[in-house]
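Reader: Could you take a close look at one part of this protein with me, and then walk me outward from there? I work at the bench, so plain language is welcome.

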Amino acid sequence: MEMDTERLARLEDLFKIKFGSTPQFYARAPGRVNLIGEHIDYCGYSVLPMAIQQDILIAVATNNLSKINLSNTNPQYCDFSNAVHDITIDTTRAFWYNYFLCGFKGVQKELAEICTKSERYIGTQGGGMDQSISFLASKGTAMLIDFEPLRATEVSMPQGAVFVIASSCVEMNKAATAHFNIRVAECRIAAKVLAKTMGLRWQEVVKLKDVQVAQQVSTIDMLEMVEKHLHPEPYSRREICSALELSNTQLDSMLLSQNTTHVQSFKLYHRAKHVFSEADRVSKFRLACQSVTGQGDMEIGFLCPVGELMNASHTSCRDLYECSCSELDELVNICLKSGAVGSRLTGAGWGGCTVSLVPAERLPAFMDSVRRGFYEADPGRMHNLAQHFFATEPAAGASIVKHYPTAN
């Protein structure tokens, strides 16, 4: 994997100024975008992300002090130093270096799987999509990521189209808020309640996919079972405890995380309906991509089935999973009006970015229209626009350069 030599040279210079020595090696980790399959990895279902060309570079050297010393080239982020045998991660505060520390605490095991587990040191009950695509990505393709066991299958992207990432300019740190973990808890409880209502061994059920596997039915069948066995009104703690024959203390310890024990009501119907329908869309998205791959200079109509699945995904995230926000919804609408055949929020939501599928012939007009319609409409959004709004292609996964020869 080729690295940006200009960026590496600048990184080396800053490293020498900061630490007085030369880096021993460099690491690169790509950014990534989930094309479809939002909030279903921790429910056991496959997702379909791709690594992108934009990335993070790290310069590394060892010391003889048994200390971790971390420094960011962006001066707005403070330095960090700590003894290696006394690493404590404050899950109540969102420091930039926490992600490095949680990885450090888990380096003894396989990288992709351990990074999934390591993230939980900062209190986020994620499912592993981000870490998996970062390590397993291949240049030029997206990846269908399956879990338990972890495996990745290449999915070729439609020719004649590009993916455009656009930031809503709203930040949401999932490690610093309860939104994400509440959704995880609601899915976990929904799986238990569904399983018990359906006469399954509910104590052994952990994820919504476990219910489907036990029933040996399709995701569409599971949607019918959600309609039959769960009600649309929020479930109270008392109703859940009664249904599962648990005390409040048991509910907290078995099914909730530290930052979700305050929650009093849970939308089990809405969350389960999103998960099963989104899992179905992932399968259809893969098939739709396969049907248009190799078509050459295809008509835009060939892309429509792929785009429609992205649009349906956003609607479900907005209405059923309630993880969108007004800025994301506005941005999606502008992207669609500007020529995208599909657009949706990507990532945890409540802020962050959208991903849009844009026919290549429309790209210049699309970029101009979205810039004028969303970013120029609020001058505060124009700061660092090139980092917030860009077209990208599937990139390779994380890599290491053991030695970078300098020009000096």
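Reader: Let's begin with α1: which residues in α1 are buried?

Author: Happy to take you through it, with one reminder that this is a predicted model. In α1, the buried residues are Leu 8, Leu 11, Glu 12 and Phe 15. These residues lie on the same side of α1, because they cover an arc of only 105° around the axis. There is a general reason behind such a pattern: an α-helix has 3.6 residues a turn, so residues three or four places apart point the same way. On the other side of α1 you will find Glu 6, Arg 10 and Ile 17, which are exposed.

What do the buried residues of α1 pack against? Their partners are two strands, β1 (25–36) and β2 (48–60). As for the helix itself, α1 runs over residues 5–19, 15 residues in total. From first C-alpha to last it reaches 21 Å, close to the 21 Å expected at 1.5 Å a residue. Just after α1 comes Gly 20, with a positive phi of about 70°.

From here we can move to the nonpolar interior. The largest nonpolar core has 83 residues. Those with the most contacts inside this core are Leu 35, Leu 48, Ile 189, Leu 208, Leu 230, Phe 276 and Phe 285. Helix α5 gives the most to this core, contributing eleven residues. Leu 48 makes a good example to click on: leaving aside neighbours within four places in sequence, its contacts include Leu 35, Ile 36, Ala 142, Met 143, Val 155 and Phe 285. Polar residues touch Leu 48 as well, among them Asn 34 and Arg 286. There is also a second, separate core of 14 residues, which includes Val 162, Ala 166, Val 358 and Tyr 375.

Next, the charged residues. Side chains of opposite charge can pair when their charged atoms come close. How many salt bridges does the structure hold? The count is 22. One of them joins the side chains of Glu 186 and Arg 271, at 2.7 Å from N to O. This pair links distant parts of the chain, with Glu 186 in helix α5 (residues 179–197) and Arg 271 in helix α10 (residues 268–292), 85 residues apart. Both Glu 186 and Arg 271 are buried.

Helix α10 also holds a salt bridge between partners close in sequence. The side chains of Lys 284 and Asp 280 meet at 2.9 Å, N to O. Because Lys 284 and Asp 280 are four residues apart in helix α10, about one helical turn separates them. Lys 284 counts as partly exposed, at 43% relative accessibility, whereas Asp 280 is buried, with a relative accessible area of 13%.

A similar theme appears in helix α13 (residues 363–375), where Arg 372 and Asp 368 lie four residues apart, about one turn of the helix. Their side chains meet in a salt bridge of 2.9 Å, N to O. Here Arg 372 is partly exposed at 45% relative accessibility, and Asp 368 is partly exposed with a relative accessible area of 29%. Salt bridges that share partners also build a network, joining Arg 183, Glu 186, Lys 267, Arg 271 and Glu 322.

You may be wondering about the cysteines. The structure holds zero disulfides. Cys 353 is in no disulfide, and the nearest cysteine sulfur, that of Cys 169, is 8.6 Å away. Cys 353 is partly exposed, with a relative accessible area of 24%. Cys 241, in turn, counts as buried at 8% relative accessibility.

Finally, two backbone details are worth a look. Most residues other than glycine have a negative phi, and most peptide bonds are trans. Gln 216, a residue other than glycine, has a positive phi near 55°. Gln 216 lies in the loop between α6 (208–215) and α7 (219–229), and at 72% relative accessibility Gln 216 counts as exposed. Trp 350 is not a glycine either, yet has a positive phi of about 60°. You can find Trp 350 in the loop between β10 (342–346) and β11 (353–359). Is Trp 350 buried or exposed? With a relative accessible area of 12%, Trp 350 is buried.

Methods:
Residues are numbered from 1 along each chain as its sequence is written. This is a predicted model: local features need pLDDT of at least 70, side-chain atom pairs count only at pLDDT 80 or more; totals for chains, interfaces and linings use all residues. Side-chain values use heavy atoms; hydrogens and water are left out. The expected span of a helix is 1.5 Å times one less than its number of residues. Buried means under 20% relative accessible area, exposed over 50%, partly exposed in between (1.4 Å probe, protein chains only). The arc is that of the directions from the helix axis to the C-beta atoms. Contact means heavy atoms within 4.5 Å. A salt bridge is a side-chain nitrogen of Lys or Arg within 4 Å of a carboxyl oxygen of Asp or Glu. A disulfide is a pair of cysteine sulfur atoms within 2.5 Å. A nonpolar core is a set of buried Ala, Val, Leu, Ile, Met, Phe, Trp, Tyr and Cys residues joined through side-chain atoms within 4.5 Å.
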